[in-house]
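Good morning. I will go through one structure today, starting with the overall build and then taking a few residues in turn.

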Amino acid sequence: LLDEPTRGIDVGSKAQIYALIDQVVSGAFGQAKAVLLVSSYLPELLGLCDRIAVMQRGRLQPPRPAAGLTEHELMLDATGAAGRA
């Protein structure tokens, strides 16, 4: 479980952390592992995750494939604006 793994660090260090996460997931250190990532930095989520579940008002929405999602869609989901039409 990684909670805001790159908050407050420089871009170069972020790249190193992203590479390390990729290595853990791919099994570079032995058996491949799943990583649960919690982040408020949307580009990070879209760049690292296979699936994204958004929490809105204390309720976790079903996970969706990250491919094709946009920052705008995630913000609409997080704020509850997606349900208002």
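A helix here is a DSSP run of H or I with at least four residues, and helices are numbered from the N terminus. With that in hand, Ile21 can be placed: Ile21 lies in helix H1. Before going further, please keep in mind that this is a predicted model.

First, the overall build. How many helices and strands does the protein have? There are three helices and six strands. Read from the N terminus, the elements come in the order β-α-β-α-β-β-β-β-α. The C-alpha trace spans about 45 × 30 × 25 Å along its principal axes. The protein has 85 residues, and 21% of them are buried. It exposes about 6,100 Å², and carbon and sulfur atoms supply 56% of that area. If we take the contacts with a separation of 6 or more, 34% of them are between residues 24 or more positions apart.

Now back to Ile21. Is Ile21 buried or exposed? Its relative accessibility is 10%, and buried means under 20%, so Ile21 counts as buried. Setting aside neighbours within four places in sequence, Ile21 is in contact with Leu2, Val35 and Leu48. There is also a distance for this residue: the C-alpha atoms of Ile21 and Ala34 are separated by 9.7 Å, and the two residues are 13 apart along the chain.

Another buried residue is Gln56, at 16% relative accessibility. Gln56 is in strand S4, which covers residues 55-56. Which residues does Gln56 touch, not counting those up to four places away in sequence? They are Gln61, Asp77, Ala78, Thr79 and Gly80.

Asp77 brings us to the salt bridges. The count for the structure is two. In one of them, the side chains of Arg64 and Asp77 meet, with 2.3 Å from N to O. Arg64 lies in strand S6, residues 64-65, and Asp77 lies in helix H3, residues 71-79, so this pair ties together parts that are 13 residues apart in sequence. As for accessibility, Asp77 is buried at 18%, while Arg64 is partly exposed at 32%.

The other salt bridge joins the side chains of Arg7 and Glu4, at 3.9 Å from N to O. Arg7 has a relative accessibility of 60% and counts as exposed. Glu4 is partly exposed, at 21%. Why is Glu4 not counted as buried? Buried means under 20%, and Glu4 has a relative accessible area of 21%, so Glu4 falls in the partly exposed class.

Glu4 comes up again for its backbone. This residue is in the loop between strand S1 (2-3) and H1. Its phi is near 50 degrees, which is a positive value in a residue other than glycine. Arg57 is a further case of positive phi outside glycine, with a value near 55 degrees. Where is Arg57? It is in the loop between S4 and strand S5 (59-60). At 76% relative accessibility, Arg57 counts as exposed.

Next, the rings. How many aromatic pairs does a search of the whole structure find? The search finds zero. There is, however, a charge over a ring: the charged end of Lys14 sits over the ring of Tyr41, 4.4 Å from the ring's centre.

On the surface, Leu1, Leu36 and Val38 make a nonpolar patch of about 330 Å². Leu36 is in the loop between helix H1 (11-26) and strand S2 (37-38). The cut-off for exposed is over 50%, and Leu36 has 55% relative accessibility, so Leu36 counts as exposed.

One more loop residue remains. Ala67 lies in the loop between S6 and H3, and at 70% relative accessibility Ala67 counts as exposed. Ala67 and Gly12 are 55 residues apart in sequence, and their C-alpha atoms are 25 Å apart in space.

To sum up the points to look for in the model: Ile21 is buried in helix H1. The salt bridges number two, and one of them is the pair Arg64 and Asp77. Lys14 has its charged end over the ring of Tyr41. The nonpolar patch is made by Leu1, Leu36 and Val38. Thank you.

Note on methods: Residues numbered from 1 in each chain as written. Predicted model: local features only at pLDDT ≥ 70, side-chain atom pairs only at ≥ 80, totals over all residues. Heavy atoms only, no water. Phe/Tyr/Trp six-rings, centres within 6.5 Å; stacked < 30°, edge-to-face > 60°. Lys NZ or Arg CZ within 6 Å of the ring centre and 35° of its normal. Patch = residues over 30% accessible without salt bridge, like charges linked within 9 Å, V, L, I, M, F, W, Y side chains within 5 Å. Areas by Shrake-Rupley, 256 points an atom, 1.4 Å probe, with all protein chains shown as cover. Salt bridge = Lys/Arg side-chain N within 4 Å of Asp/Glu carboxyl O. Helix = DSSP H or I, 4+ residues; strand = E, 2+ residues; numbered from the N terminus. Buried < 20%, exposed > 50% of the residue type's maximum accessible area, 1.4 Å probe, protein only. Contact = heavy atoms within 4.5 Å.
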